[in-house]
Amino acid sequence: MRPAHAPASAARGGRALYELYRAASRAAAPAVLLWRRLRGLEHQSRWPERLGRPSVARPRPGSPLVWFHAVSLGEGMAALPVVFHCARLHPGLPILLTTTTLSAFKVIKDLLPDVVIYQFAPLDCPDAIESFIGYWKPSLILLMESELWPNLIMSAAEKGIAVALLNARMSLKSLNRWSVPLGLPLVSLMLSKLSLVIPLSTIQAVRFQLLHTPPNKIHFAGDLKYAVGDVEVREKELNTIKDLQRQFNDRPIWMAASVHRGEEEVILRVHGELIKAYPSLLLILVPRHPQDIKNVSLALKKHKVNFVLRSTMELVSINTRVYVVDTLGELRMLYRVTPIAVVGGSFLPSLSGHNFSEAAAAGCAVLTGPHVGHFYHMLVEMWQINPLAVKQLTGEAELLEVLKELLGDSKALEARQGAAKDAFSIMSHGVVNRVWNLVSRFAIDSQQKRGIVD
């Protein structure tokens, strides 16, 4: 289906709705920021950046600048390969990366090349956006996944700044919300201002077309989350890997990553059964949110399990049954010390999965639960390459059954490890190049390159 572009009357309706949104967002911004600060969701000293107030000087005033924006850790990690690619292709070009969440800040700031500036993203209110854009003067804005903010996009369009949406996705819930009479004119207006939309999948492309994205602006390149595993492992991480391998001392290991509240009970019941067959078995348990550590600790004590918290730097002994990772930003490194990775956020109906390409990149046998949300397209793509690349489980009983098989059958384990790594290699190959080629063609060229490329 190829929807017609929004007619002039719809465009006028979108403009009227935007003016209402603009006024409402300006009025609400002080209360929103105060509420977030009181809840500890903002950086204690850097919160003024959320109002568009810079904390560092802009390099080379008057020169072109590329602004990457991602909301949280997952989207920020997906942006990193493109950030590195841009920095390599255009040395000396100022690059700005913004995120919104504290978890993204804590992890990503230490992974960036020296040439990249990190700031917290401005709130989507007119004053903060105008202040931010007025100071940094970006030549190109690259938004990640679902970051559709009216003030940001409309302000950029008014100033002639190209905006592209990378790894674009639209959940069914968001599609339904934007499709109502009060939403469709506004989102159609916003989407018409974009220079490029690179969707995650065909389904996502259809959803953007249903919201009147001009079809000639939609182009495919692949999923940037496949490229996350290609980010170089630094020397510090290599030393940590060697240290953990010494502590684990060739014990049988499995890891449960990105475990959400409630899932720890599933994981610990399964681990308790596995220990009966493999007494020296070690579980690496990585909660999705550090604030859930208290619940995880209580569950471990209830199950009478001997555990160590990574943050305490206590050494793992032969009596340690669970190694709890209560630190941020180490998942990519931890996948390299385990042969089996169970990716959480997928064992309860209220959840919608997490990226499992990092585990595949590290050569793990990859398992996930039944609830994977928009990661289902990744699952299918990897299955098409090799059905053994990822095992989707029906629930707790099958998790126990498959883990017993992998722990007891080295050939089955090696087959799944090899399949995962091969599938990742094929799916990740060329993704970043394809994305950047599209950006160059549809965003940079549309702005007469603005000095960004030679």
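**Exercise 1. Which residues does the domain assignment of the chain give to domain 1 and domain 2?**

Solution. Keep in mind that this is a predicted model.
- Step 1: domain 1 is made of two segments, 8–53 + 61–220.
- Step 2: domain 2 runs over 235–420.
- Step 3: taken over C-alpha atoms, the centres of domain 1 and domain 2 are 33 Å apart.
- Step 4: the contact draws eight residues from domain 1 and six residues from domain 2.

**Exercise 2. Work out how much area domain 1 and domain 2 bury between them, and which residues of domain 1 lose the most.**

Solution. A word of background helps here: interface size is often expressed as the accessible area lost when the parts come together.
- Step 1: the two domains bury about 600 Å² between them.
- Step 2: carbon and sulfur atoms carry 71% of that area.
- Step 3: on the domain 1 side, the most area is lost by Val107, Arg169 and Leu200, which together make up 46% of what that side buries.

**Exercise 3. Describe the polar side of this interface, then the make-up of the domain 1 face.**

Solution. Start with the pair counts and then turn to the residues.
- Step 1: between domain 1 and domain 2 there are zero salt bridges.
- Step 2: zero residue pairs are in polar contact across the interface, with both residues required to be at pLDDT 80 or more.
- Step 3: helix H3 (residues 102–108) supplies the largest share of the domain 1 side, with three residues.
- Step 4: sorted by class, that side holds four nonpolar, two polar and two charged residues.

**Exercise 4. How many salt bridges does the rule count, and where do the partners Arg15 and Glu158 sit?**

Solution. Side chains of opposite charge can pair when their charged atoms come close.
- Step 1: the rule gives 19 salt bridges.
- Step 2: one pair to inspect is Arg15 with Glu158, whose closest N and O atoms are 3.3 Å apart. The cut-off is 4 Å, so the pair qualifies.
- Step 3: Arg15 lies in helix H1 (residues 8–38) and Glu158 in helix H5 (residues 150–158).
- Step 4: the partners are 143 residues apart, and the pair links distant parts of the chain.

**Exercise 5. Find the span that UniProt lists as a domain and describe it.**

Solution. Take the record, then the model.
- Step 1: an unreviewed UniProt entry lists residues 46–227 as "domain: 3-deoxy-D-manno-octulosonic-acid transferase N-terminal".
- Step 2: in the model, this span is 38% helix and 16% strand.
- Step 3: its end C-alpha atoms lie 30 Å apart.

Definitions and conventions:
Residues are numbered from 1 along each chain as its sequence is written. This is a predicted model: local features need pLDDT of at least 70, side-chain atom pairs count only at pLDDT 80 or more; totals for chains, interfaces and linings use all residues. Side-chain values use heavy atoms; hydrogens and water are left out. Domain bounds come from an automatic or database domain assignment. Contact means heavy atoms within 4.5 Å. Buried area is the accessible area (1.4 Å probe) that two parts lose on being put together, summed over both. A salt bridge is a side-chain nitrogen of Lys or Arg within 4 Å of a carboxyl oxygen of Asp or Glu. A polar contact is a pair of N or O atoms within 3.5 Å; within protein, one must be able to donate a hydrogen and the other to accept it, and residues adjacent in sequence count only if both atoms are side-chain atoms. Helices (H or I, at least four residues) and strands (E, at least two) are DSSP runs, numbered from the N terminus. Ala, Val, Leu, Ile, Met, Phe, Trp, Tyr, Cys and Pro count as nonpolar, Asp, Glu, Lys and Arg as charged, and the others, Gly among them, as polar. UniProt positions are given in the numbering used here, feature names are shortened, and annotations may be inferred rather than shown by experiment.
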